[in-house]
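Me: I would like to go through this structure with you. Shall we begin with the side chains and then turn to the chain as a whole?

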Amino acid sequence: MDVLKKGFSMAKGGVVAAAEKTKAGVEEAATKTKEGVIYVGNKTMEGVVTGVNTVAQKTTEQANVVADTAVTGANEVAQAAVEGVENAAVASGFVSTADLPKTEAGAEGQSEPAAQ
């Protein structure tokens, strides 16, 4: 009977040791899994932040391009309108070509009202 008790005691000790090693292995695996998940989460967050910043930068650049184009277009339309009014005034005889300001030569803003 002592032999059986000693054998069962040894078996019990082996099971306990195996269980402790298994528990330690599971804890280590859980710790490494947690670290891996946190690492992936951080890298994903960094990627999202980088992506958002890139999109914001590109949007700003495109908005600047659109604004510059709109200003250029508005200036061209305004210049064409002024030239059209000047041409109409000259054609109708209200002003002579000598009375028109020379905007292309840098005399912008120095024009006087046209004589009637």
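Me: Which side chain meets E46 in a salt bridge?
Reply: The partner of E46 is K43, and the N to O distance in this salt bridge is 3.5 Å. Please note that the model is predicted.

Me: Where do E46 and K43 lie relative to each other?
Reply: Both belong to helix α1, which covers residues 2-92. Because E46 and K43 are 3 residues apart in that helix, about one helical turn separates them.

Me: And how accessible are E46 and K43?
Reply: E46 has a relative accessible area of 43% and is partly exposed. K43 is also classed as partly exposed, at 41% relative accessibility.

Me: Why can such side chains pair at all?
Reply: Pairing is possible between side chains of opposite charge when their charged atoms come close.

Me: How many salt bridges are there?
Reply: The count is 2. Besides the E46 and K43 pair, K58 forms a salt bridge with E61.

Me: What is the distance in the K58 and E61 pair?
Reply: The closest N and O atoms of K58 and E61 are 4.0 Å apart. The cut-off for a salt bridge is within 4 Å.

Me: How are K58 and E61 spaced, and are they buried or partly exposed?
Reply: K58 and E61 are 3 residues apart in helix α1, so about one helical turn lies between them. K58 is partly exposed, with a relative accessible area of 49%, and E61 is partly exposed at 33%.

Me: Turning to the whole chain, what is its secondary structure?
Reply: The chain has 1 helix and 0 strands. Of its 116 residues, 3% are buried.

Me: What about the exposed surface?
Reply: The chain exposes about 9800 Å², and 63% of that area comes from carbon and sulfur atoms.

Me: Finally, what is the confidence, and where does pLDDT stay under 50?
Reply: The mean pLDDT of the chain is 78, with 84% of residues at 70 or more. Over residues 105-116 pLDDT stays under 50, and the model has 6 contacts beyond four places in sequence for that stretch.

Conventions. Residues numbered from 1 in each chain as written. Predicted model: local features only at pLDDT ≥ 70, side-chain atom pairs only at ≥ 80, totals over all residues. Heavy atoms only, no water. Helix = DSSP H or I, 4+ residues; strand = E, 2+ residues; numbered from the N terminus. Buried < 20%, exposed > 50% of the residue type's maximum accessible area, 1.4 Å probe, protein only. Areas by Shrake-Rupley, 256 points an atom, 1.4 Å probe, with all protein chains shown as cover. pLDDT = per-residue confidence, 0-100. Contact = heavy atoms within 4.5 Å.
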